[in-house]
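I opened this entry to record what I looked up, beginning with the term I leaned on throughout and then moving from the sheet to single residues.

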Amino acid sequence: MISKEDKKRFMQAAFDEAEKARQKDEVPIGAVVVKDGQIIGVGHNEREEKQDATLHAETTAIRMACERLKSWRLEDCQIFVTLEPCPMCAGAIINSRIDTVYYSAFDPKAGACGSVLDLFTIEKLNHHPKAHGGLYLDQGKQLLKSFFQDIRKRQKLLKKGRNNNTDTL
């Protein structure tokens with residue numbers, strides 16, 4: 001059983017990873033994989049930077065954890081993520097045998113832990129992680145909200161700048 005203090009520490013580590021993504025103008029999502037109270041894998045979104053659709057925070061953290069354990073089986077591990085995993089990431093969590101997923105914000109557009117669909121409850125699949133959403137929900141929602149507000153502000157300024165340039169022609 002993970003203590004409340006440890007959940008806070010691990011989720012904060014995921015938020016720290018999300019901030020790394022934000023600094024690169026990536027959607028700020030971070031993830032950490034934990035085993036026996038230790039972080040063994042970290043990741044943040046790198047899709048834009050590396051132009052690779054599979055470079056989500058979860059897949060990067062899972063890959064690092066597998067390398068560290070020298071096994072694709074991440075049994076007795078947990079993953080902490082700032083946003084509900086998408087179907088691809090939920091599939092990677094299932095395939096890597098992670099036991100428990102803790103996530104902050106719910107994803108009403110692509111969430112695969114219950115918001116849009118729930119891959120973890122499909123009986124025919126061979127592994128069924130437990131999922132706990134809404135951990136530090138306000139922080140998770142605010143992180144994403146402010147990121148997209150900043151993008152809209154920048155787009156508005158760019159549009160305004162283009163319009164000002166055409167006015168002088």
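Before listing any neighbours I fixed the term: contact here means heavy atoms within 4.5 Å. I also noted at the outset that this is a predicted model, and I read every value below with that in mind.

**Entry 1: T100.** With that cut-off I looked up T100, and, leaving aside its neighbours within four places in sequence, I found T100 in contact with C77, Q78, I79, K130 and H132. T100 sits in strand β4, which covers residues 100–105. Is T100 buried or exposed? T100 counts as buried because its relative accessibility is 9%, and the limit for buried is under 20%.

**Entry 2: the sheet.** I next traced the strands and found 5 of them forming an open sheet, in the order β2-β1-β3-β4-β5, with mixed pairing. The edges are held by β2 (38–44) and β5 (130–133), each of which has a single partner strand, so one side of each is left without a neighbour in the sheet. From one strand to the next the twist averages 15°. I then followed the pairing of β3 (residues 77–83) with β4: the two run parallel and are joined by 5 bridges. Within that pairing I picked out V81, whose bridge partner in β4 is Y103.

**Entry 3: helix α1 and A13.** Helix α1, residues 4–23, lies across β1 (30–35), β2, β3 and β4, and runs at about 145° to β1. I chose A13, which has its place in α1, and checked its surroundings. Not counting residues up to four places away in sequence, A13 touches V32 and I39. A13 counts as buried because its relative accessibility is 17%. I also took the separation between A13 and D36, which are 23 residues apart along the chain, and their C-alpha atoms are separated by 16 Å.

**Entry 4: the nonpolar cores.** I went on to the interior, recalling that in soluble globular proteins nonpolar side chains tend to be buried together. Which residues of the largest nonpolar core touch the most other members? That core has 26 residues, and the ones I noted are V33, I62, L74, I79, I93, I98 and F120. At least two residues of this core come from each of β1, α3, β3, α4 (87–95) and β4, and α3 gives the most, with 5 residues. I took L74 as a sample member and found, leaving aside its neighbours within four places in sequence, that L74 is in contact with V33, I62, A65, C66, L69, S96, R97 and I98. Apart from this core lies another, of 13 residues, and F10, A18, V32 and F80 are among them.

**Entry 5: helix α4.** For α4 I listed the buried residues, which are C89, A90, G91, I93 and I94. What covers these buried residues includes α3, β3 and β4. Just after α4 I noted that R97 takes a positive phi of about 70°.

**Entry 6: S104.** I returned to β4 for S104, which has its place in that strand and counts as buried because its relative accessibility is 0%. Which backbone atoms lie beside the polar side chain of S104? The backbone oxygen of L135 lies 3.0 Å from a polar atom of the S104 side chain, and the backbone nitrogen of G140 lies 3.4 Å from a polar atom of that side chain. Leaving aside neighbours within four places in sequence, S104 is in contact with M11, F15, V81, T82, G133, G134, L135, Y136, L137 and G140.

**Entry 7: the annotated positions.** Last I turned to the UniProt record, an unreviewed entry, whose "active site" annotation covers E58. E58 is found in helix α3, residues 57–69, and counts as buried because its relative accessibility is 3%. Not counting residues up to four places away in sequence, E58 touches A31, I79, V81, L83, P85 and C89. The same unreviewed record lists residues 5–115 for "domain: CMP/dCMP-type deaminase". Over residues 5–115 I noted 41% helix and 23% strand, with the end C-alpha atoms 27 Å apart.

Key:
Residues are numbered from 1 along each chain as its sequence is written. This is a predicted model: local features need pLDDT of at least 70, side-chain atom pairs count only at pLDDT 80 or more; totals for chains, interfaces and linings use all residues. Side-chain values use heavy atoms; hydrogens and water are left out. UniProt positions are given in the numbering used here, feature names are shortened, and annotations may be inferred rather than shown by experiment. Helices (H or I, at least four residues) and strands (E, at least two) are DSSP runs, numbered from the N terminus. Buried means under 20% relative accessible area, exposed over 50%, partly exposed in between (1.4 Å probe, protein chains only). Two strands pair if DSSP finds at least two bridges between them. Axes are lines fitted to C-alpha atoms, for helices over the stretch in contact, and angles run from 0 to 180 degrees between N-to-C directions. A nonpolar core is a set of buried Ala, Val, Leu, Ile, Met, Phe, Trp, Tyr and Cys residues joined through side-chain atoms within 4.5 Å. A polar contact is a pair of N or O atoms within 3.5 Å; within protein, one must be able to donate a hydrogen and the other to accept it, and residues adjacent in sequence count only if both atoms are side-chain atoms.
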